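Please look through the following structure slowly, with its sequence alongside. The paragraphs below it lead from helix pairs to loops and then to domains.

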Amino acid sequence: MNFFKKTIPEYIQLSLEQLEEKPQDWLSLYANAYQVLNYQNQKMIVRLGNIGNDYLSTMNIPQIIKAGERWRNYTSMLWSIDWQNIDIQTISDYFFKKDGYVSLLIMGCFHSSGYFREKCLNILVDYPNTLVFIMIRMNDWVEEVRDKAYALSYWRISESLLDELIDASYVFIKLKKSKRRQQAQLDDIEKHYIKRLSKLLIELNIHNFMQKDECIRKAFYQITLEYGLLSYQLIEELLNIEKNSFCLLLITKSFLQSDEMNQDKLYTYLHHLNFYVRKEAMLCYYERNQRIWKGIENDLLDKSHAIREYVRFLLKKHTQINILEYYHDHLPDPIAILGISEVGTSQDIDILLPYLESEQERIVKVTIQALSRLMKEKGQDIYWRFLLDERMTLSKAAFQSIKKNKVHYTAQVVYETYQKVSIEHHSRYLLMILLEEDSWERLPYLLELYHYPYEKMRQLIHLRVNQRNPYKKVSKQLKEKIMNSLMNQKNDIPHNVQKSILFDLKFVCKDEVKLDEV
C-alpha cells in the first residue's frame, strides 16, 4: 500500500472544520485532528498547526500547561497509530511560518506516547521561548523522558534570554513541589538557572514584566527573593507598580527585612502610598522596637480600615488617648466620620446626621456608610432617600447599606417605585432589592418582569421565581395578585412555571387553587 495515498478518515476532516469555528471545548477535537500527522497531508497538517497556534497564542503559560495535561487524556485513546514512527521532524518543511509547527511540538510534549514526547522535545529545544515546555517534562512519568528533558533544559537555559527564564520560573516552582523529578537533576538545573538569571537580570524591563501573568510574577518573586537577586533599588520600583496583593506581600516582607533596611528608612515606609507596604512596615517597626512610632495618632486617619484598627490597638496598649474624641476633633474629615462609626455608639448618630447635607459628595457617601454601621436597619429612611439620589456613588452606598443590614421595604413599595424611576442605576438597585423581598410577596411583580431584556438580570428573576417558601401562608388578596400576573398573556409565563406555582399555592393558600386553571 502506498503510504502517501492513505485516505484521511472523515471524522478527522470534520474535527478540523469544527476547530476552525473556535469552539471553547476544543481539546477532544484537537486530539482527533492531531491524527492527521499520520497521513502526511501538507495542507491539512498546516491547517492543524495554525489552529493550534491560534489557541495557544491566546493563553498564558499556566493555561497552556493545564490544557496540555487535559489533552493528554484524549490522546491516550489514539493507540491505532504507531506514534514512534511519526516523522515529526520532516513535517517542519511544510510550514513557511514556524509558529504553527511549534504549536504541534508543544502539544506533542504532552502526548500520551513517551516516544513521541521525546521526539518533540528533541526538536523543540532549538526554538526560542520553549524552556517551560521542556523543563516541565523533568517531572515526566517515563525515566528516559525525564533524563532527556533534564539534558535539554540545561542546554536551553544557556541559550535563553531573560524573558524565557522569567516564564520558566513558574515551571521551576512546580518542579520543586513535584514528586517524580530526580533531586540531583533538579539541584543541577537550579544552580545553572539561578546563575544565568542573575547574569541577565540587569536587562529587566519592569513595565514589560508587569504584563506577565500573576502566577509567573509570583514564582519569579519567590525565586529571586530567595536567592537575593533583586537589588534594593529594583524592589523599591516594584513596590510602586505591583498590584497583586500576594506578590506585594512577598516583595514587601523581604524588602523590609533586608540588611539595607535601617530604622530611618523603615520609618519612611510607614506612610507609603500602597496599603500593603504601609501595613507590613508598621508590623515590622513594632516587632523590631516594641514601641509606637512618632506621630502614630495621625494614622488614625489612614484610608485603610485594617491599618486604623491596628493603630487603635497600639494606642490603647501604649497611651491614654481618647480615640473617639480625636475623631470628633477632626470632623468633617471623611476618615474621621468613618472612625466615629468604628469606635462610637448610637449616641454619636446625631453628630453625623448633618453631614448628609454636605455639598461634598464624598462626605455624604462616607456618612451614609458610617450611619449604616451605627444605625443598622433603623436607618432605612436614610438609605431609601439616597437610594433614589441622582448621584450614583450615593445611590450605591445606600444600596449597599440596605443589602448589608437586610432592610425590607415590601415588594409592592419597591416595585411601584421601580415603575416610576427613569435613571438606570435606580432601576438596577431597585430590582436587586426586589429580588430579596419575601418570596411570595415579590412573586407577582417578578412574573411581570419574567422576560426582562437583559440576560443576567433575567436569569436572577427566573431563579427567584422558582425560590418560594413552602411554609408561608398566602392571603387571598396576594393569591389574586399572583394569579393575575400568572394568567396575563402579556407576561407569557411558561406552562411548567405556571403549573409549579399553582401546585405550591394549593398548600400555602387556604383557598383552593385548581391546576386546570392553566
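At what angle do helix α19 and helix α21 pack, and how far apart are their axes? The model is predicted, so local features need pLDDT of at least 70 and side-chain atom pairs count only at pLDDT 80 or more, while totals for chains, interfaces and linings use all residues. Residues are numbered from 1 along each chain as its sequence is written, and side-chain values use heavy atoms, with hydrogens and water left out.

Helix α19 (residues 334-343) and helix α21 (residues 361-375) pack at about 5 degrees, with 8 Å between their axes; helices here are DSSP runs of H or I with at least four residues, numbered from the N terminus, and axes are lines fitted to C-alpha atoms over the stretch in contact, with angles running from 0 to 180 degrees between N-to-C directions. The two helices α19 and α21 are therefore roughly parallel to each other, a term for angles under 35 degrees, whereas angles over 145 count as roughly antiparallel. On the α19 side the contact (heavy atoms within 4.5 Å) includes Ile 335, Ile 337 and Leu 338, and among the α21 residues that they help to meet are Ile 363, Val 366 and Leu 374. By class, this contact of α19 with α21 holds eight nonpolar, three polar and three charged residues, where Ala, Val, Leu, Ile, Met, Phe, Trp, Tyr, Cys and Pro count as nonpolar, Asp, Glu, Lys and Arg as charged, and the others, Gly among them, as polar.

A second helix pair lies earlier in the numbering, where the axes of helix α9 (residues 162-177) and helix α10 (residues 183-200) come within 11 Å and cross at roughly 150 degrees. That angle makes α9 roughly antiparallel to α10. The residues that meet include Leu 165, Phe 172 and Lys 176 in α9, and Glu 190, Tyr 193 and Leu 197 in α10. Ten nonpolar residues, one polar and three charged make up this contact of α9 with α10.

The loops hold further details. Between α18 (323-329) and α19 the loop contains Pro 332, and the peptide bond from Leu 331 to Pro 332 is cis, with omega near 5 degrees. Gln 290 is found in the loop between α16 (275-289) and α17 (305-318), and its phi is near 55 degrees, a positive value in a residue other than glycine. Ser 358 is in the loop between α20 (349-352) and α21, and touches Ile 363 and Val 364 when residues up to four places away in sequence are not counted.

Finally, the domain assignment, whose bounds come from an automatic or database source, gives domain 1 (322-407) and domain 2 (409-517). Their centres, taken over C-alpha atoms, are separated by 33 Å, and the contact takes 14 residues from domain 1 and 13 residues from domain 2.

Notes: Angles under 35 degrees count as roughly parallel, over 145 as roughly antiparallel, 65 to 115 as roughly perpendicular and the rest as oblique.
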